[in-house]
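Colleague: I'm new to reading structures like this one. Could you walk me through it, one question at a time?

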Amino acid sequence: MNERPHDLVICISDFHSPYGSEDAVKFLDAIKSKYWKKAKNPIVVNTGDELDYHSISFHGADPALMSPSDELESAIKKLSPLYEIFPKMLLCESNHGSLVYRKQKFHGLPRSVFKSYREILGAPRGWKWADDWTLKIGREDYCYFHHSKSAEVLKTSQSMGMSCVSGHLHEKFSLSYWANPNNLYFAMQIGCLIDNESLAFAYNKVNLKRPIIGTGIIVDGSPLLIPMKKNHRGQWIGKLPY
Ligand SMILES: [Fe+2]
């Protein structure tokens, strides 16, 4: 772990393309414009569910939504502006993002006959997938990024003995700190970037809690949550809160 610390980490999660927020790309572009140039060693981490794959879900699909082929085509189209904005991205394996491979395993097919994540999406060479990522964010500080190793990001952080960023739980947008005699750590849950009006998320209607649209960044080792505030028409207001 001798790498140079990343003085900016943009933490993205749960875009669920093609059922992501229409404003997500503009929102992420605004965050890049504001923070990227000031950084010496910036990086983007996506904690997963970059695709929804509703049409091939193990829980059944809404017949009013797209076929698997149309859905994948649309998902790539909606994701592809990010290829230009962020030609390098570290992505985490996730329950939705890995659905094609989970189906492959379920049906007993060899993984080797399937395309890689990057090939399926036609993503740039700088987009890389792994189970999780550990990055240096300060002289002595590391952060563990993953989709969802437990329901409590604070517990994951304490188990790993380092700061931690999680996705997966769309309604959780939280930041907490803990400390031991060695250091101060944070645990951040970064919400999601979905379009909650899509039929793909009809299951949310039975819950009182609603997804929180936003993302997180880490600047010089310090975390910050950035909610995407909306107007009464449900559109992003077009500016960052700070
Ligand atoms: Fe998700």
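## Charged pairs, an iron site and some strands

Colleague: Let's start small: does aspartate 23 count as buried or exposed?

Modeller: Keep in mind that this is a predicted model. A residue with under 20% relative accessible area counts as buried, and one over 50% as exposed. Aspartate 23 comes out at 11%, so it falls in the first group: buried.

Colleague: And which residue forms a salt bridge with aspartate 23?

Modeller: Side chains of opposite charge can pair when their charged atoms come close. Here the closest N and O atoms are 3.5 Å apart, and the cut-off is 4 Å. The partner of aspartate 23 is lysine 26.

Colleague: How many salt bridges does the structure hold?

Modeller: You've just met one of them, between lysine 26 and aspartate 23. Another joins aspartate 132 to lysine 149, with the closest N and O atoms 2.7 Å apart. The total for the structure is 4.

Colleague: How many residues apart in sequence are the parts tied together by aspartate 132 and lysine 149?

Modeller: In this salt bridge, aspartate 132 sits in the loop between strands E4 and E5, while lysine 149 sits in the loop between strand E6 and helix H6. Both side chains count as partly exposed, aspartate 132 at 25% and lysine 149 at 47%. Because the two residues lie in separate loops, the pair ties together parts whose distance in sequence is 17 residues.

Colleague: What about glutamate 22 and lysine 78: how many residues apart are they?

Modeller: Their side chains meet in a salt bridge, at 3.2 Å from N to O. The pair links distant parts of the chain, with glutamate 22 in the loop between E1 and H1, lysine 78 in helix H2, and a gap of 56 residues.

Colleague: Does glutamate 22 count as buried or exposed?

Modeller: Its partner lysine 78 has a relative accessibility of 30%, so lysine 78 counts as partly exposed. Glutamate 22 reaches 59%, and the cut-off to pass is 50%. That makes glutamate 22 exposed.

Colleague: Now the metal. Which residues are the protein donors of the iron ion?

Modeller: Look for atoms lying 1.9 to 2.2 Å from the iron ion. Along the chain, the donors follow the spacing D-x1-H-x32-D-x120-H. So that's two aspartates and two histidines, namely Asp14, His16, Asp49 and His170.

Colleague: What is the arrangement of the 4 donor atoms around the iron ion?

Modeller: For four donors to count as tetrahedral, all angles must lie between 85 and 135 degrees. Around this iron ion the angles run from 89 to 176°, so the arrangement is irregular.

Colleague: How many residues apart in sequence are the parts that aspartate 49 and histidine 170 tie together?

Modeller: Both are donors of the iron ion. Aspartate 49 lies in the loop between E2 and H2, and histidine 170 in the loop between E7 and E8, so they tie together parts separated by 121 residues.

Colleague: Is histidine 16 buried or exposed?

Modeller: Histidine 16 lies in the loop between E1 and H1. Its phi is positive, about 50°, although it isn't a glycine. With a relative accessible area of 0%, it has to count as buried.

Colleague: Which residue joins serine 17 in a cis peptide bond?

Modeller: Omega for that bond is about 10°. The residue you want is in the loop between E1 and H1. It is proline 18.

Colleague: Over to the strands: which residue in E2 is the bridge partner of cysteine 11?

Modeller: E1 and E2 run parallel and are joined by 5 bridges. E2 is largely enclosed by the rest of the structure, because 4 of its 5 residues are buried. The partner of cysteine 11 in E2 is valine 45.

Colleague: And which residue in E9 stands opposite phenylalanine 173?

Modeller: E8 and E9 pair in the antiparallel sense over 7 bridges. They form a hairpin with 4 residues between them. Opposite phenylalanine 173 you'll find isoleucine 190.

Colleague: Last one: how much accessible area do Leu109, Val113 and Phe114 have together?

Modeller: Leucine 109 is in the loop between helices H4 and H5, and at 42% relative accessibility it counts as partly exposed. These three residues form a nonpolar patch on the surface, with a combined accessible area of about 260 Å².

Notes:
Residues are numbered from 1 along each chain as its sequence is written. This is a predicted model: local features need pLDDT of at least 70, side-chain atom pairs count only at pLDDT 80 or more; totals for chains, interfaces and linings use all residues. Side-chain values use heavy atoms; hydrogens and water are left out. Patches are made of residues with over 30% relative accessible area and no salt bridge: like charges are joined within 9 Å, nonpolar side chains (Val, Leu, Ile, Met, Phe, Trp, Tyr) within 5 Å. Accessible areas come from the Shrake-Rupley method with a 1.4 Å probe; for residues, only the protein chains shown count as cover. Buried means under 20% relative accessible area, exposed over 50%, partly exposed in between (1.4 Å probe, protein chains only). Two strands pair if DSSP finds at least two bridges between them. Donors are N, O and S atoms within 2.8 Å of the metal (3.2 Å for Na, K and Ca); water is not among the atoms, so sites may look incomplete. Four donors count as tetrahedral if all angles lie between 85 and 135 degrees; four count as square planar and six as octahedral if opposite donors are over 155 degrees apart and all others between 65 and 115; anything else is irregular.
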